[in-house]
Amino acid sequence: MNQFSNLPKPKFGSACNGCGYCCTVEPCMLAKQFLHCETGPCVALEASEGKAICGLVRNPLGYLFKAAHPEADVPVLDAAPNIEEGYDLSVKLAAALGVGQGCDSADDEDSAAWPELIPARVCE
Ligand code: SF4
Ligand code: SF4
């Protein structure tokens, strides 16, 4: 079992249920570009109430600062700072990720086995 949810992955195009499969096996382009994360599970993948959530959307300023200053002691899992720019960034990142537009992860053998933990893949 994985650490983010016990939910199976819904079919491609169905409503996202926060199963966490996609971000566990392969970080998205935003994670690669801004968080320097090349291998799943994504460093910004968080669990909340039995679902996987995107920490980069929840607390973008925290994760971006941490990525720029890896040596800094940044409590990224804390509440996001109450800053307007942070909210604006969350909205933009959620839009870029297609949040609310359904599951965009392909249906294959690995996804069918989820939520069993599967080996992470390195992004090309
Ligand atoms: S996009 Fe799909 S695989 Fe990713 S968390 Fe949502 S339902 Fe799961
Ligand atoms: S940045 Fe967010 S959406 Fe992208 S892989 Fe990480 S947790 Fe998933």
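The following exercises, with worked solutions, concern a predicted model.

**Exercise 1. Determine which residues surround ligand 1, and how they divide by class.**

Solution. Step one is to list the shell. Ligand 1 is surrounded by Lys9, Pro10, Cys16, Asn17, Cys19, Gly20, Tyr21, Cys22, Cys103, Asp104 and Ser105. Step two is to sort these residues. Six are nonpolar, three are polar and two are charged. In this sorting Cys and Tyr count as nonpolar, whereas Gly counts as polar. Step three is to place the ligand: ligand 1 sits in the largest pocket.

**Exercise 2. Carry out the analysis for ligand 2, giving its shell and the classes of the residues in that shell.**

Solution. The shell of ligand 2 consists of Cys23, Pro27, Cys28, Ala31, Cys42, Ala44, Leu45, Cys54, Leu56 and Leu97. Sorting by class gives 10 nonpolar residues, with no polar and no charged residue. As for location, ligand 2 sits in the largest pocket.

**Exercise 3. Compare the reach of helix α5 with its expected span.**

Solution. First, identify the helix: α5 covers residues 84-97 and has 14 residues. Next, take the reach from the first C-alpha to the last, which is 20 Å. Finally, set this beside the expectation at 1.5 Å a residue: the reach is close to the expected 20 Å.

**Exercise 4. Establish which residues of α5 are buried, which are exposed, and why the buried ones line one face.**

Solution. Begin with the buried residues of α5, namely Gly86, Ser90, Leu93 and Ala94. Seen down the helix axis, these buried residues fall within an arc of 100°, so they line one face of α5. Then turn to the other side of α5, where Glu84, Glu85, Val91, Lys92, Ala95 and Ala96 are exposed.

**Exercise 5. Classify Gly86 as buried or exposed, and state its distance from Ile53.**

Solution. Gly86 is found in helix α5. Its relative accessible area is 8%, and the cut-off for a buried residue is under 20%. Gly86 is therefore buried. For the distance, Gly86 and Ile53 are 33 residues apart along the chain, and their C-alpha atoms are separated by 17 Å.

**Exercise 6. Classify Pro70 as buried or exposed, and relate its position to that of Leu35.**

Solution. Pro70 lies in the loop between α4 (60-68) and α5. Its relative accessibility is 56%, and exposed means over 50%. Pro70 therefore counts as exposed. In sequence, Pro70 and Leu35 are 35 residues apart. In space, the C-alpha to C-alpha distance between Pro70 and Leu35 is 9.9 Å.

Conventions: Residues numbered from 1 in each chain as written. Chains lettered and ligands numbered in written order. Predicted model: local features only at pLDDT ≥ 70, side-chain atom pairs only at ≥ 80, totals over all residues. Heavy atoms only, no water. Near = heavy atom within 4 Å. 1 Å grid on protein atoms, 1.4 Å probe; cavity = no way out; pocket = protein on both sides within 12 Å on 5 of 7 lines; lining within 4 Å. Sits in = over half its atoms within 2 Å of the grid points. Helix = DSSP H or I, 4+ residues; strand = E, 2+ residues; numbered from the N terminus. Expected span 1.5 Å × (residues − 1). Buried < 20%, exposed > 50% of the residue type's maximum accessible area, 1.4 Å probe, protein only. Arc of directions from axis to C-beta.
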